Amino acid sequence: MDRIEFLRNKMTEIAFDKGFTSNEAITTSQELDKLLNLYESMKQVNGQKKVE
């Protein structure tokens, strides 16, 4: 969760400083997306284990 918050803040700063379509903003956004997808997958797996 800490890494997610860090990347959100970093992406926002980069987007405002260098533009929302800058390479750095896009790269950071993609890294954040991967982390969020992983987090959601882990939540689903953990949720299924609790049901069983």
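These legends go with close-up views of a predicted model.

**View 1. Two Phe rings meet edge-to-face.** There's just one aromatic pair in the structure. Its partners are Phe 16 and Phe 20, whose ring centres sit 5.5 Å from each other, with 75° between the planes. That angle counts as edge-to-face because it is over 60 degrees. Are these rings buried or exposed? Phe 16 is exposed, at 62% relative accessible area, and Phe 20 is exposed too, at 60%.

**View 2. A salt bridge links helix H1 to helix H2.** Side chains of opposite charge can pair when their charged atoms come close. Here you can see Arg 3 and Glu 31 doing that, with their closest N and O atoms 2.6 Å apart. Arg 3 belongs to helix H1 (residues 2–18) and Glu 31 to helix H2 (residues 23–51), so this pair ties together distant parts of the chain, 28 residues apart. Both ends are partly exposed: Arg 3 has a relative accessible area of 41%, and Glu 31 has 35%.

**View 3. Another salt bridge stays inside helix H1.** Look for Arg 8 and Glu 5, which meet with an N to O distance of 2.8 Å. They're three residues apart, or about one turn of the helix. Arg 8 is partly exposed at 36%, and so is Glu 5 at 37%.

**View 4. Lys 18 meets Glu 24 in a salt bridge.** The N to O distance in this one is 2.5 Å. Lys 18 counts as exposed, with 54% relative accessibility, while Glu 24 is partly exposed at 34%. The structure's full count is four salt bridges, and the pair of Lys 18 and Glu 24 is one of them.

Technical notes
Residues are numbered from 1 along each chain as its sequence is written. This is a predicted model: local features need pLDDT of at least 70, side-chain atom pairs count only at pLDDT 80 or more; totals for chains, interfaces and linings use all residues. Side-chain values use heavy atoms; hydrogens and water are left out. Rings of Phe, Tyr and Trp (its six-membered ring) pair if their centres lie within 6.5 Å; planes under 30 degrees apart count as stacked, over 60 as edge-to-face and the rest as tilted. Buried means under 20% relative accessible area, exposed over 50%, partly exposed in between (1.4 Å probe, protein chains only). A salt bridge is a side-chain nitrogen of Lys or Arg within 4 Å of a carboxyl oxygen of Asp or Glu. Helices (H or I, at least four residues) and strands (E, at least two) are DSSP runs, numbered from the N terminus.
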